[in-house]
Every structure is written in structure tokens, then in C-alpha cells.
Amino acid sequence: MLKFLKILDSWLIRLVFYLLIAIGLVKFSIWLFKPLTLQIRPFDIIKEETIERGQGEWVARRLSEKIRRIQGKLTEELPKPQDESSLPVIAIPSAILASPIETPLVPADVQNALPNPEFFRPFNFDIIGFINFSATLLQRGPILEGSVFIHNDDTYEIVAEAYEQQWRVTGNLEDSLNSLAYAIVFNQLQKYPQEDVARFDNAKDFQAFMSARLEFETYLDDQGLARQSGLDHRLEKAIAYLKPLTEKKSRSILPFSYLASIYTCLNAPERAAVVLREAKTIDSQDSWVNTTLEKVEIRLASQASTEQPGALKELINQKAFELIRVKQAIEAAEKTNAEQPVKVAVIADGFSSSLTELNDRISASQSFVPGEEVEQEVSGHGTSIIALIAAIAPTSKIIPIKVLSSKGFGQDSWILEGLDYARQQKAQVLLLPLGNFSSQPRPAYNRVIKILKQQNILPIAPTGIDRSGVAQFPATIPGMFVVGTINNKQQLADFSSYGDWVSLVAPGVDIKTIGKDNKVEVVRGGSYSSAMVAGVATLVLSVQPNLSVTDLEAILQKSAVEITVDSPANTQVLKIGRVDALNAVEEAISFR
């Protein structure tokens with residue numbers, strides 16, 4: 001029996017020995033032929049001076065997934081534009097649609113050469129643990145290790161090291177992991193400087209571009225939905241990511257090509273041409289840039305000029321005006337033979353137009369931006385708003401007040417000076433089509449708006465664009481007449497905020513107006529819905545110029561048409577008044 005056990009024991013020893021040799025040979029073969037990997041080891045978790053070493057397996061797994069997803073996006077083509085019948089009404093023919101989406105960001109061989117992230121499973125005292133330990137010894141490629149500091153305010157600070165480089169990111173966990181993943185992939189791409197995607201100045205710019213690309217992808221992925229729900233708001237988000245990259249003259253041509261594509265989708269070929277010309281200064285030999293610029297310039301050359309009598313009247317023929325009955329309201333006002341000129345102040349980024357009809361409407365103008373004139377308006381935003389008000393209210397006398405710089409930024413002191421200038425010019429309606437994401441109170445504005453209303457000036461502002469129930473500046477100012485935005489199907493726009501603090505809603509999607517270069521363009525935003533209401537208020541005052549602010553607000557709200565819209569979360573149905581120009585004028589005519 002003892003002899004048998006000895007034989008069995010020696011046989012088991014040999015078996016284990018040969019098995020280990022076999023496993024080693026297999027691992028060595030894999031090591032020889034497998035591509036480089038980025039081994040992500042469990043992070044240390046440090047919270048309130050307590051250190052849990054190697055307990056952050058979940059962090060390593062999530063980081064690995066994010067890196068893999070970003071690497072996959074590098075060779076992924078975006079959805080192709082569909083035919084014109086399924087594109088949003090503001091889209092231009094696909095022959096002009098810029099198409100950087102047809103080419104992946106990097107060739108497949110580059111993407112395959114990037115070290116794939118692999119989560120390292122810690123060593124355990126079993127056969128799987130032994131295999132993991134062996135795999136670690138045979139690791140080809142960099143190793144990433146790090147720590148997660150969890151602070152008392154639930155913010156996360158992640159410190160990681162790999163590629164002889166250290167990264168430190170802070171914020172909520174999801175944002176921190178995203179930033180770290182983009183930084184790692186951007187570092188990997190630096191081995192391929194010939195690729196445009198590797199030419200960004202830093203990982204933050206690379207992340208901004210990839211975020212813009214994701215918004216563009218979402219838009220293109222369901223263009224039928226875009227036509228119904230205004231999904232082109234995705235394009236506006238993409239622009240917000242891309243414009244800072246083009247303004248800082250990024251060394252990569254990608255932000256320029258994508259921004260030009262988006263501007264063509266938004267029917268803004270003039271802006272696309274500007275971006276493409278800037279792209280040529282970076283790479284004059286880029287075939288895509290040259291071809292697309294040629295197409296856009298041909299379109300611009302063939303586009304009918306709006307510099308002709310009756311250009312403003314052409315704006316009457318649009319769905320938004322039909323919905324709120326602008327044409328009938330103008331006719332009703334004209335029949336009174338008592339129309340009076342009404343001053344309207346537009347506090348924005350200026351006014352620049354050679355269109356005679358528009359210039360004849362300008363009563364006065366002033367810039368409060370140091371070193372910039374009213375006419376130094378890059379975006380065309382103020383001009384497009386002024387054209388809309390002028391089309392709705394034929395007797396309007398408009399006062400452009402510039403408080404935003406050519407880069408789109410302003411200061412409280414400039415805006416407050418602009419508000420006071422509107423008072424000095426005896427404006428009766430004041431529009432503030434600007435703002436930010438702040439909901440904090442601003443006492444200085446409260447006092448100014450109170451004074452304006454005491455002097456019978458109606459201040460109007462949009463709700464804000466974060467599609468929530470919280471007002472954003474300047475809608476937060478007490479006494480402000482706040483306007484929400486709907487589309488032409490009378491549904492809440494995908495960017496409009498909402499709540500019982502909203503005075504009225506008006507159309508602000510697929511709005512036809514005249515831009516900076518005297519060209520008819522189609523726009524969207526809270527600026528245009530609030531301009532609609534400002535125009536109707538001006539039309540009402542033209543037939544009843546002595547109305548108090550209180551009476552004017554009452555007429556606008558009493559004459560409104562009640563509509564129901566779904567809340568963004570589809571948890572409730574909201575009832576709200578939609579401005580109606582004809583009802584408002586008739587109410588004013590009969591007002592005693």
C-alpha cells in the first residue's frame with residue numbers, strides 16, 4: 001500500500017510539473033504573438049485617511065470599459081445623411097452637406113495597434129490566481145496603477161500613472177473617469193502624429209472634439225425624429241464644443257471640418273464658408289476642405305439676394321407667423337389708421353445690415369463693449385432678432401444696444417449700462433435675448449428692472465435653455481416677462497425651460513429671419529420666441545400707445561391661446577398660454 005501511494009505521489013508531482021510547463025508554454029506563446037495591452041490594476045481607495053489597497057476593482061473595470069469605447073469610436077463611421085425627405089426642414093441638399101463623417105478618425109491598423117485595456121484580476125491562492133500572477137509576469141505593454149481619493153463633499157480625486165506619466169483629475173466619479181480615459185487614449189495617439197486626431201493641443205481639447213462628434217452622431221442617427229422634435233439642438237451642443245477649438249486655432253483640422261458640416265446642416269453656408277477658409281490656413285492642401293468650400297461658395301453665389309424691396313414682408317410667409325396670426329394682426333392694426341411708432345430696445349451683440357428696410361427702422365444705437373462698435377457683430381444674432389421684430393411690428397423703431405463682445409461674452413456692468421440707455425431713449429419694450437446657466441439672484445438687476453417697469457417699459461426675456469423647471473438669468477429677475485419656446489406643432493422645444501413662472505410661450509423653432517449678411521436664414525432658440533412676443537407687444541402698443549405695463553402684460557396673457565404640452569419627463573401635462581397676435585391687437589383696440 002505504501003509503495004502504491006509513493007508511486008501515485010510521484011505521478012501527481014510529475015503531472016503538476018508538466019501541467020505548469022504546458023501552461024507556461026501557452027502563456028509564452030500568447031505573449032509572443034498577442035498585441036500590446038494596457039494592464040489596469042485595481043485602484044487603492046482612500047477615504048477619510050482609511051486606505052483600502054487594491055479594493056478598487058470596480059474603478060479599474062469601468063476605466064477599462066471607457067478606454068475601450070473611446071478606442072472603438074476612432075474607427076467608427078457616423079451614420080450617413082439620409083435623403084432630403086427625411087432631413088429636418090432646415091437642412092440643405094445632401095450634395096452640399098459636408099462629409100468628414102465618411103472617413104474614420106484613424107485607419108484600422110492604427111486603432112489595432114493601440115494597447116487594449118485589460119483589467120488585472122488580483123492574485124489568489126488558487127489555480128486562477130496563479131495563472132493571473134503568471135500573466136502579470138508575462139505582461140507586454142504598460143501597466144496603469146492609481147488611487148481614488150474620496151473627499152467629504154463626495155468629490156473624487158483620481159491619481160493614475162502609466163506611460164511614465166501621471167494624471168490627476170477631480171470632480172464627480174463619472175466625469176473624472178471620462179477625463180482620465182480620454183487622457184490615456186490621447187497619450188496613446190501621440191505615437192501617430194500624422195493623424196489629425198493626435199494634433200490637438202491637449203487631452204481636454206481631444207475630449208471636447210469627441211463630445212461634439214457624439215452629439216453629431218446622435219443627430220444623424222435619427223434624422224426622422226429630428227424633423228419632428230427639433231433634435232438639431234444636438235448640433236447646437238456640438239457647436240458649443242467646437243467653436244472654442246476653432247477660435248484658439250487648433251492644430252487639428254477636425255474641429256473646422258465638423259463645424260462646417262454642422263453649419264451646413266443648420267442652413268448657414270456663410271458661417272460654413274468662414275470656418276472652411278480658416279481651415280485652409282491650417283492645411284491648404286486638404287482635399288475635403290477645398291472641395292467642400294467650393295460647393296459652399298457656389299451655393300452662396302447662386303443664392304438669391306434679399307436686398308430688395310419687401311424683404312421683411314417675405315418673412316410673413318412662415319409657419320410660426322401663421323400659427324400666431326401675425327398677418328391678420330398687422331391688417332387689423334392698419335385698419336385703425338391710428339398706428340403710432342413704438343421704440344423697442346434689443347440688448348444683445350449689436351446690429352449690422354445694409355438692408356435699407358432694416359436701417360430705416362433704427363432709432364438709435366449704442367455699444368457698451370469697450371473697443372467695439374455696434375456694427376461689429378460677428379454672429380448676426382442681434383440682426384436676426386431685430387429683423388423678426390421689424391417684420392411683426394411695421395411701426396417699430398428699434399434701438400440696438402451692444403453689451404456682448406464679438407466673442408459672445410458680456411459683463412454685468414455693460415448690461416446694466418445698456419438697460420439704463422434703453423430707459424434714457426424712452427423705449428417702451430425691452431428685449432434681453434441673452435443669458436447664462438446661473439439661477440442665482442442678482443440684486444442690481446432687480447432694482448433696474450423695477451425702475452424700468454415704473455417708467456412703463458416692458459422687459460422681456462427667454463426662459464433659459466437647460467429644459468428644466470428652473471429659471472436662468474435673466475428670467476430670474478423679478479418682474480421680467482418670461483417667454484418659453486414651442487415648435488410649430490405646439491410642443492415644448494427640446495431646449496426650453498418651463499414652469500408656472502413662465503408668462504407665455506411662442507414659436508422659436510424653424511424661424512425664418514434675415515441674418516447679418518442680408519440673407520434669409522432659418523434659426524431656432526429662446527431668443528426668437530421672446531422676439532416674437534416683443535414684436536406682438538410692440539404691435540399692441542402701436543394701436544394703444546398709452547397702455548401701462550400692467551395693462552400690456554394683461555392684454556398679452558388674456559389674449560393668449562391655452563395649449564397643453566408634455567413635460568420633458570412625460571410625467572405631467574402642462575397648460576400654458578401661447579401668444580396670439582390677432583387676439584392681442586383686437587383686445588388692445590377694444591381696451592378702455
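The questions and answers below concern a predicted model of one chain.

User: How many helices and strands does the chain have?
Analyst: The chain has 592 residues, and 52% of them are buried. Among contacts with a separation of 6 or more, 69% join residues 24 or more positions apart. The count of elements is 21 helices and 18 strands.

User: What distance separates the end C-alpha atoms of helix α5, and what span should its 17 residues have?
Analyst: Helix α5 covers residues 173–189. At 1.5 Å a residue, the expected span is 24 Å. The distance between the end C-alpha atoms agrees with this, at 24 Å.

User: How many of the 17 residues of α5 are buried?
Analyst: A residue counts as buried when its relative accessible area is under 20%. Helix α5 is largely enclosed by the rest of the structure, because the number of its residues that are buried is 13 of 17.

User: Which residue caps the N-terminal end of α5?
Analyst: The cap is made by a side-chain oxygen that lies 3.2 Å from the backbone nitrogen of E174. The residue that supplies this oxygen is N172.

User: Is S252 buried or exposed?
Analyst: S252 sits in the loop between α8 (233–247) and α9 (254–265). Leaving aside neighbours within four places in sequence, its contacts are D196, R199, F200 and I282. Its relative accessibility is 0%, so S252 counts as buried.

User: Which backbone atoms does the side chain of S252 reach?
Analyst: One is an oxygen, which the side chain of S252 reaches at 2.9 Å; it belongs to D196. The other is a nitrogen at 3.2 Å from the side chain of S252, and it belongs to L254. The atoms are thus the backbone oxygen of D196 and the backbone nitrogen of L254.

User: With which side chain does the side chain of R199 make a polar contact?
Analyst: R199 lies in the loop between α5 and α6 (203–221), and at 27% relative accessible area it is partly exposed. Its side chain reaches the backbone oxygen of P193 at 3.2 Å. The polar contact between side chains, at 3.0 Å, is with D196.

User: How many Å apart in space are R199 and R251, C-alpha to C-alpha?
Analyst: Beyond its neighbours within four places in sequence, R199 is in contact with P193, Q194, R251 and S252. In sequence, R199 and R251 are 52 residues apart. In space, their C-alpha atoms are separated by 5.7 Å.

User: At what angle do helices α16 and α19 pack?
Analyst: A packed pair of helices is described by the angle between the axes and the distance between them. Helix α16 spans residues 381–392 and helix α19 residues 526–543, with axes 8 Å apart. The crossing of α16 past α19 is right-handed. The angle is about 35°.

User: How many charged residues are in the contact of α16 with α19?
Analyst: From α16, the residues include I385, L388 and I392, and from α19 they include A531, M532 and L539. By class, the contact has ten nonpolar and four polar residues, and the number of charged residues is none.

User: Which backbone nitrogen lies 2.9 Å from a polar atom of the side chain of N487?
Analyst: N487 is in the loop between β13 (481–486) and β14 (504–507). N487 counts as buried, because its relative accessibility is 10%. The backbone nitrogen at 2.9 Å from its side chain is that of K489.

Key. Residues are numbered from 1 along each chain as its sequence is written. This is a predicted model: local features need pLDDT of at least 70, side-chain atom pairs count only at pLDDT 80 or more; totals for chains, interfaces and linings use all residues. Side-chain values use heavy atoms; hydrogens and water are left out. Helices (H or I, at least four residues) and strands (E, at least two) are DSSP runs, numbered from the N terminus. The expected span of a helix is 1.5 Å times one less than its number of residues. Buried means under 20% relative accessible area, exposed over 50%, partly exposed in between (1.4 Å probe, protein chains only). A polar contact is a pair of N or O atoms within 3.5 Å; within protein, one must be able to donate a hydrogen and the other to accept it, and residues adjacent in sequence count only if both atoms are side-chain atoms. Contact means heavy atoms within 4.5 Å. Axes are lines fitted to C-alpha atoms, for helices over the stretch in contact, and angles run from 0 to 180 degrees between N-to-C directions. A crossing is left-handed if the near helix is turned anticlockwise from the far one by less than a right angle, and right-handed if clockwise. Ala, Val, Leu, Ile, Met, Phe, Trp, Tyr, Cys and Pro count as nonpolar, Asp, Glu, Lys and Arg as charged, and the others, Gly among them, as polar.
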